[in-house]
Amino acid sequence: MAASVLTDRAGFPMIHVEGLDGYLHWLPVTKIQFEAFLCEHPSATFDQQWYDEILSLNPRISPRAVQATNYWQSFITGITPGEAERYADWCGADYALLHQKEWIDTYHRLREMPPRSVADLTALNLAPRIRSLIERLDAVFRAQSPNGSLADQMFLRLGVKEWVVCGGPKQSPWGAWGQPNRAFFGSIRDDLEATSPVFPPEVETRRLHAFGFRLIRRATWRSEN
Amino acid sequence: MPEPKCPFCLGTLGATAEEPCPTCRKAVTPEYYEISRRAAPVVGALVGFPQHGKTTFQTALTLTMDGLGRALEGAYLEYLDASTQEAVRRMWVQSARGHQPDATHELAPPLLLGFHQLPQLTDRAVVLYDTPGELFTRREDIAAALPPLRDVQTVWFLVSLTDLRQDREGNSLQALLQTYMAAMSRFSTAAQRRTVLVVYTKCDIVADLPADVRHYLADDPFQTVTLHDTPLTPDPLFDIRAYVAEMEKISNSLREYTKRIPTGLTLINMARDRGLDLQFCAVSALGESPNYQHNERVHESVRFRVQDPLLWTLALAEFGATSQPRAERRHCLILDPSREGGPVYEEQLGTKLWECANRLGNVGAFHLGYSRPIARTGRPVSLGPARENVARLIGQILEQEPSHSRALVLTNGPILDLEDYIGSTWRERLMVVSTNPSYQPRWHRFMLLREDDTPENLWDQLANDDL
């Protein structure tokens with residue numbers, strides 16, 4: 001029987017979600033995760049200047065400093081979809097961005113589910129700072145959404161704008177779903193009630209401070225296990 | 001007090017013993033719950049190839065520890081659930097009939113053993129898994145068949161040198177470690193900070209053991225605890241630290257011996273490179289060869305040093321890293337990656353620190369922002385800036401270092417993730433030396449590089465054991 005939780009290459013938890021054919025990152029990809037990629041795959045593309053630009057849009061904080069007023073600084077944002085896919089490739093061949101329909105269907109499903117204990121996540125052999133981050137973000141969730149759902153707990157809402165794969169007729173190859181905290185990204189409409197993701201222009205060249213991502217690990221791996 | 005851990009899935013148990021484990025829903029006994037609240041349980045796994053003596057060893061160990069009170073006054077072993085009690089009862093029956101235990105072919109529930117009143121040791125539970133030997137000939141099965149291995153902090157590799165030398169299946173010391181490392185990789189789990197105890201079994205038939213190891217085996221104070229007709233006087237002066245210190249000497253002797261075994265040197269080098277704490281024991285579970293054709297021992301056995309892996313594991317849990325020979329202490333040099341590193345590269349300070357560090361024993365060198373080392377112990381190198389001008393990150397380096405490692409960082413600018421470690425044990429083990437007066441981080445062990453600082457005094461300050 002497949003496990004209900006596992007960790008990705010950077011040591012962060014992913015959970016099995018009913019109806020989704022694979023494992024989904026518990027949180028939007030964090031700066032700690034992306035730094036694991038940077039350190040294992042140093043390159044002229046992702047150099048100090050690159051990361052300085054990323055952090056200028058959304059500064060880094062340590063897990064111990066996470067609060068309700070700054071928690072989004074844990075997540076990596078300002079990332080282009082192509083860079084997100086580079087990260088996915090590093091994680092493994094079975095990792096990918098979600099398709100736009102997968103994301104919104106998952107959000108609607110998780111919105112109907114109650115939050116869960118993070119004990120089984122923190123029981124994984126996580127590095128201490130990862131465990132600390134998960135616990136502090138969970139505390140933020142419980143404080144800011146006391147009647148929240150599993151979708152809120154996983155920061156599908158009040159997290160970041162998450163890149164998704166689109167590419168339908170007359171569509172950009174990438175869009176984004178999500179409703180970040182208004183203190184991080186003010187938006188007049190509730191994007192999660194919309195019928196389609198947002199399609200920012202020039203996604204490959206512009207850095208958008210509230211746009212990040214999470215990955216799915218597809219079931220083609222699980223069937224071999 | 002620690003949070004009690006479930007012995008089956010190693011998740012955190014509920015607030016009371018009556019609640020089943022929130023993660024796997026299995027019930028635990030009040031006895032296990034209570035002892036686990038006093039001290040975190042030790043989780044051990046016996047791994048090794050088929051026919052290398054794992055199950056026989058486990059039987060001998062359990063029987064020996066059951067007779068503890070004969071050698072250590074007041075000490076006793078408690079079986080913490082019915083499954084363990086039944087498993088031990090079967091061991092007793094087989095032993096009393098002069099039979100060897102049946103080999104393990106599937107993963108059985110772990111033995112849950114409670115150790116009480118051991119001298120200088122906190123009462124503690126031991127969760128012990130005996131793994132089927134066949135798993136370790138099929139690398140890909142292990143992660144799926146043995147989930148608890150993911151969380152085992154001390155793995156016992158049981159190796160019969162005699163069987164290994166006659167092996168025709170390609171099994172080797174190196175293969176055993178690689179299989180274990182592959183399982184850790186499958187779990188996406190780092191193997192660093194773990195201890196691997198290589199237990200050489202059937203040492204009664206190993207002809208070329210070093211003399212000091214042979215004498216050590218023969219001097220075992222516990223060798224007759226299971227012979228109830230043999231009088232035995234408890235030793236009131238037994239000292240666990242002294243016992244472990246002796247084990248460490250024998251471990252060092254066995255380490256040198258292992259270098260002469262096929263793939264033994266590879267095992268040692270691979271373990272060091274991966275940040276594993278590798279130690280060695282020698283045991284004889286039966287005292288002499290059984291009659292393998294009829295799966296019988298000839299008569300009740302005198303056993304030699306079967307308790308050593310367990311006592312070592314308990315001592316590690318109690319005292320942390322045991323007294324390590326200075327040569328085995330781990331030091332880590334981490335350098336600013338950029339060409340604008342100031343004196344790091346202009347005055348070759350990095351290279352001089354590396355040369356000095358090699359006298360300290362086990363050393364690695366890294367650039368900030370790179371998780372792969374740029375130099376290893378004993379290799380002469382001239383350290384220069386990194387190929388790419390990367391972000392100054394330290395976390396991926398620290399996460400792979402063993403828990404006893406100390407690190408010296410030489411930086412010319414802000415380390416972006418240093419604050420992540422303020423509340424960690426790195427606070428005492430990591431010294432940050434800045435070559436840039438504009439960068440003075442909020443870090444407990446920080447200094448600005450001064451003109452009169454030498455490589456020797458920088459390492460001396462880090463190695464100061466008074467901290």
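I take a contact to mean heavy atoms within 4.5 Å. I also keep in mind that this is a predicted model.

**Chain B alone**

I began with contacts in chain B that have a separation of 6 or more, and found that 71% of them join residues 24 or more positions apart. Next I looked up the secondary structure of chain B, which has 16 helices and 13 strands. I then checked burial: 58% of the 467 residues of chain B count as buried. For the surface, I noted that chain B exposes about 19,600 Å², with 48% of that supplied by carbon and sulfur atoms.

**Where the two chains meet**

I turned to the interface and found 29 residues from chain A and 34 residues from chain B in the contact. Cys39(A), Asn125(A) and Arg129(A) caught my eye, as they supply 25% of the area that chain A buries against chain B, more than any other three residues. Between them, chain A and chain B bury about 2,600 Å², and 47% of this lies on carbon and sulfur atoms.

**Polar and charged pairs**

I looked up salt bridges across the interface and got 4. I wrote down one, in which the side chain of Arg129(A) meets that of Asp417(B) at 3.8 Å, N to O. I also found 6 residue pairs in polar contact across the interface, both residues at pLDDT 80 or more.

**The chain A side**

I see that α1 (31–40), α2 (48–57) and α6 (128–144) of chain A each give at least two residues to the side touching chain B. The largest share, 6 residues, comes from α1(A). Sorting the residues of that side by type, I get 14 nonpolar, 6 polar and 9 charged.

Key: Residues are numbered from 1 along each chain as its sequence is written. Chains are lettered from A and ligands numbered from 1 in the order in which they are written. This is a predicted model: local features need pLDDT of at least 70, side-chain atom pairs count only at pLDDT 80 or more; totals for chains, interfaces and linings use all residues. Side-chain values use heavy atoms; hydrogens and water are left out. Helices (H or I, at least four residues) and strands (E, at least two) are DSSP runs, numbered from the N terminus. Buried means under 20% relative accessible area, exposed over 50%, partly exposed in between (1.4 Å probe, protein chains only). Accessible areas come from the Shrake-Rupley method with a 1.4 Å probe; for residues, only the protein chains shown count as cover. Buried area is the accessible area (1.4 Å probe) that two parts lose on being put together, summed over both. A polar contact is a pair of N or O atoms within 3.5 Å; within protein, one must be able to donate a hydrogen and the other to accept it, and residues adjacent in sequence count only if both atoms are side-chain atoms. Ala, Val, Leu, Ile, Met, Phe, Trp, Tyr, Cys and Pro count as nonpolar, Asp, Glu, Lys and Arg as charged, and the others, Gly among them, as polar.
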